[in-house]
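Trainee: I would like a close look at one part of this protein chain. Could you pick a single strand and walk me through its surroundings?

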Amino acid sequence: MKIGFIGLGIMGESMCENIVKKHDDTVYAFDFVKEKVDLLASKGAVPCESSVELAEKSDVIISMVPKSEHSRSVYEGILGKLNETKTCIDMSTIDPSVSVEISEMVKKTGARFADAPVVKSKPAAIAGTLGIYVGGDEETYEFIKPILLYMGENVIRMGDNGKGLVMKICHNALVSQIQNGVNETITLAKANGISIPDYATAISYGGASNWYLDGQAAKLEAEDYTTAFSIENMAKDVNICVNLAKECGVKVPGEENALDVYRTALERGMGKEDFRATIKVVRDR
């Protein structure tokens with residue numbers, strides 16, 4: 001079974017490399033940035049000149065691209081190469097409604113389709129320990145699960161097409177609100193003479209203990225904003241959440257507050273910094 005991977009960005013690069021290392025057949029790779037393709041070729045992937053070439057040669061086509069319009073463009077572009085022998089997995093984080101549209105378009109060709117967005121960041125992508133949420137029918141899920149386990153250690157089917165993305169958006173929305181609470185209370189603690197290390201230790205003793213703070217406290221103390229997951233990417237997910245909530249008639253004032261923080265960070269030109277850098281926005285306010 002030959003696998004093709006489209007989109008070799010911060011996450012996709014390491015996800016594709018894990019497939020190359022663990023899969024016992026050909027892995028094709030494509031990205032518009034030639035240097036990224038060359039890097040994966042040096043790891044053992046077979047480079048392609050286009051997503052169309054990749055789709056033609058691959059039995060399973062995986063995409064990991066930034067936005068809804070990019071996913072739509074990928075699948076519109078390869079549609080003529082799809083048939084009942086092909087399986088498509090879009091691991092991008094995009095609008096659930098757009099993913100459902102893509103799934104319907106793909107399935108009309110006879111091909112299978114699943115959305116399978118990931119959680120955690122670059123270190124987990126390197127280690128192959130991502131969490132993966134799948135939207136698609138049970139048969140497709142069982143077929144693709146061994147491939148997903150090349151990249152992640154926790155894989156769960158959330159329901160039909162689009163439901164993996166709904167869960168991913170809910171997950172990142174919760175992270176953004178936990179993060180905002182950490183940012184606000186660290187700022188308050190420091191204003192009263194409590195250091196970040198002491199704050200983090202004290203939080204770990206009680207019910208407010210959380211995975212985000214455990215992983216970020218030392219970097220926040222060092223003011224290290226080296227990017228593992230960017231502000232612009234998290235802002236995209238927060239914005240998707242707010243829009244999804246409006247579509248569903250659900251009020252999410254906490255997430256709207258987080259969106260305001262992210263918008264301010266983007267206005268300040270911080271989009272390429274790691275998303276923990278939003279503490280600067282909260283602190284400066």
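Mentor: Happily; here is the overall setting, followed by one strand and its partners. Keep in mind that this is a predicted model.

The protein chain has 13 helices and nine strands. Its radius of gyration is 20 Å, close to the 19 Å that the globule rule gives for 285 residues, so the chain is as compact as a globular protein of that length. Along the principal axes, its C-alpha atoms fill a box of roughly 65 × 45 × 35 Å. Of the 285 residues, 50% count as buried, and 67% of the contacts between residues at least 6 apart in sequence join residues at least 24 apart.

Now to strand β8, which covers residues 130-135. Six of its six residues are buried, meaning under 20% relative accessible area, so β8 is largely enclosed by the rest of the structure. You can follow this on each face of the strand: Leu130, Ile132 and Val134 are buried on one side, while Gly131, Tyr133 and Gly135 are buried on the other.

Next, look at the strands that pair with β8. Strand β7, residues 118-119, pairs with β8 in the antiparallel sense over two bridges. Here Val119 stands opposite Gly131, a residue that is itself buried. Strand β9, residues 152-159, pairs with β8 in the parallel sense over six bridges. In that pairing, Gly135 of β8 stands opposite Gly159 of β9. To put the picture together, β8 has an antiparallel pairing with β7 and a parallel one with β9, and both of its faces are covered.

Methods
Residues numbered from 1 in each chain as written. Predicted model: local features only at pLDDT ≥ 70, side-chain atom pairs only at ≥ 80, totals over all residues. Heavy atoms only, no water. Helix = DSSP H or I, 4+ residues; strand = E, 2+ residues; numbered from the N terminus. Rg over C-alpha atoms; globule rule 2.2 N^0.38 Å. Buried < 20%, exposed > 50% of the residue type's maximum accessible area, 1.4 Å probe, protein only. Contact = heavy atoms within 4.5 Å. Pairing = 2+ DSSP bridges.
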